[in-house]
Amino acid sequence: MGDQRTGSGEATPAAAGRLHGIDFWRGVILCTIFVNHVPGTLFERLTFKNFGLSDSSEAFVFIAGLSLALAYGRRVFAGERAAVVTSLARRAVKLYGTHVGLSLAGAAIFAAGAMATGNADLMQEQGRDLVVDDPVGALVGLFSLGHQFGYFNILPMYVVLMGLAPAMLFVGRSRPRLMLAGSFGLYALSRAAPLNVPTWPMSGSWFFDPFAWQVLVAIGIAIGFRLRRGGLAVGRLPLACAGLVVAAAAFCTTDGLGTCPGLDETVRALVDTDKTMLGLGRLVHALSLALCVYGLGVAKLVQSTFVYKPLLLIGQHGLPMFGLTAILSAIGQVVVESYGHPPLLDVAITGGGLAVMICAAQALSRRSVPLPLAVAAP
């Protein structure tokens, strides 16, 4: 189906079409997640998390909110409450099953890596030590979402968000300001209380606090409904302000382009950048970056380049590609933690992983039509 275009250059959906700009950016984010989840490589230092206060997590959750509004909008405005709630409940179950399966696969990959390389430390990091010390507790914790491995801990938040989504969608369809007010109220409560889900059997709380991160979904839903109504105009002043925020964050996080050693550390100590509770600094930066990307029509500018179609295909199959990303990242971590970071190894891991993702997306596209937007994103 053809797309309608706004003056900003981004696509808005036709009645039953897709917003291909969202698919493209989801593909970019999935590739970025893969690179970021193999820490220490040459390429991990080049991703946008190194040039700002937010990273791919904020972008992924925000796009999920957009996708919910665009995919469920017709049924929401038609008042099909039962159908929407049932669909989102099924989605939550699928996300839960995917999380459990990926976590078990990840534990197996690291265990196999520890046995093959003799590097026992592989099972002592990111919560994997519980598998060795208390296997039964680890399994119960895993299936109850009480215990989560590092780099495998974002899908539980999505399970909770699917439970909050129906209220956001049905209130947001007619009273978006009320929906946003309630969302920001919950965000403020989660920060003040603090309100989070406890972990078990190890004491603590979830790495991603769903009651804080839901505000990005709410904002995405509100904007998604505006896009369904014919687009979203971006004024010069908001775009300029957003650009200033993005530029200032890039300057600070790079230590003033290397001219002010320690500037990044100083700014992060002053600005609220807590990731678990979605610090205000991260939230403002993520929204400013999204406004710049949309307002400048970046997706349209790269449509004629060779990278556009592969990234578009990856983004159209978000959940299976996310699962593949998690597996490839685990394999990459085993390799670099066992053999270090020779430049050629970094190139092989990153290039090989991205090539596998592109091939997998092409295979999925040949076997089926693109998934609905809400299904494409976790």
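# A guided tour of the predicted model

Begin by selecting aspartate 55 and lysine 275, whose side chains meet in a salt bridge with a nitrogen-to-oxygen distance of 2.8 Å. Aspartate 55 sits in the loop between helix H1 (20-36) and helix H2 (56-77), while lysine 275 sits in the loop between helix H10 (263-270) and helix H11 (280-295), so this pair ties together parts of the chain that are 220 residues apart in sequence. Colour aspartate 55 as buried, because its relative accessibility is 10% and the cut-off for buried is under 20%. Keep in mind throughout the tour that this is a predicted model.

Next, add glutamate 58 and arginine 282, which form another salt bridge, with their closest N and O atoms 2.6 Å apart. Glutamate 58 belongs to helix H2 and arginine 282 to helix H11, so here the pair ties together parts that are 224 residues apart in sequence. Both glutamate 58 and arginine 282 are buried.

Now move to helix H10 and select aspartate 264 and arginine 268, which lie four residues apart in that helix, about one turn. Their side chains meet in a salt bridge with an N to O distance of 2.8 Å. Are these two residues buried or partly exposed? Aspartate 264 is buried, at 19% relative accessible area, whereas arginine 268 counts as partly exposed, at 29%. With these pairs on screen, display Asp55, Glu58, Lys275 and Arg282 together, since salt bridges that share partners join these four residues into one network. A search of the whole structure finds nine salt bridges.

For the next stop, hide the side chains and show helix H3 (residues 81-117) with helix H6 (residues 155-172), which pack at an angle of about 170 degrees with their axes 8 Å apart. The two helices are therefore roughly antiparallel to each other, because an angle over 145 degrees counts as such. Bring the side chains back to see where the helices touch: the residues of H3 that take part include Val84, Leu88, Leu95 and Leu102, and those of H6 include Tyr158, Met162, Leu169 and Phe170. The residues of this contact divide into 16 nonpolar, two polar and two charged.

Then follow the backbone into the loop between helix H7 (176-192) and helix H8 (210-228), where proline 194 is found. A cis peptide bond joins alanine 193 to proline 194, with omega at about -15 degrees. Proline 201 is also in the loop between H7 and H8, and a cis peptide bond links tryptophan 200 to proline 201, with omega at about 5 degrees.

Two further backbone positions deserve a look. Tyrosine 151, in the loop between helix H5 (135-143) and H6, has a phi near 75 degrees, a positive value in a residue other than glycine. Aspartate 255, in the loop between helix H9 (236-253) and H10, has a positive phi of about 55 degrees although it is not a glycine. Tyrosine 151 counts as partly exposed at 27% relative accessibility, and aspartate 255 counts as partly exposed at 24%.

Finally, zoom out to the whole chain, whose secondary structure comes to 16 helices and two strands. Its radius of gyration is 21 Å, close to the 21 Å that the globule rule gives for 378 residues, so the chain is as compact as a globular protein of that length. Buried residues make up 48% of the 378 residues.

Key: Residues numbered from 1 in each chain as written. Predicted model: local features only at pLDDT ≥ 70, side-chain atom pairs only at ≥ 80, totals over all residues. Heavy atoms only, no water. Axes fitted to C-alpha atoms, helices over the stretch in contact; angles between N-to-C directions. Parallel < 35°, antiparallel > 145°, perpendicular 65-115°, else oblique. Contact = heavy atoms within 4.5 Å. Nonpolar A, V, L, I, M, F, W, Y, C, P; charged D, E, K, R; others polar. Buried < 20%, exposed > 50% of the residue type's maximum accessible area, 1.4 Å probe, protein only. Rg over C-alpha atoms; globule rule 2.2 N^0.38 Å.
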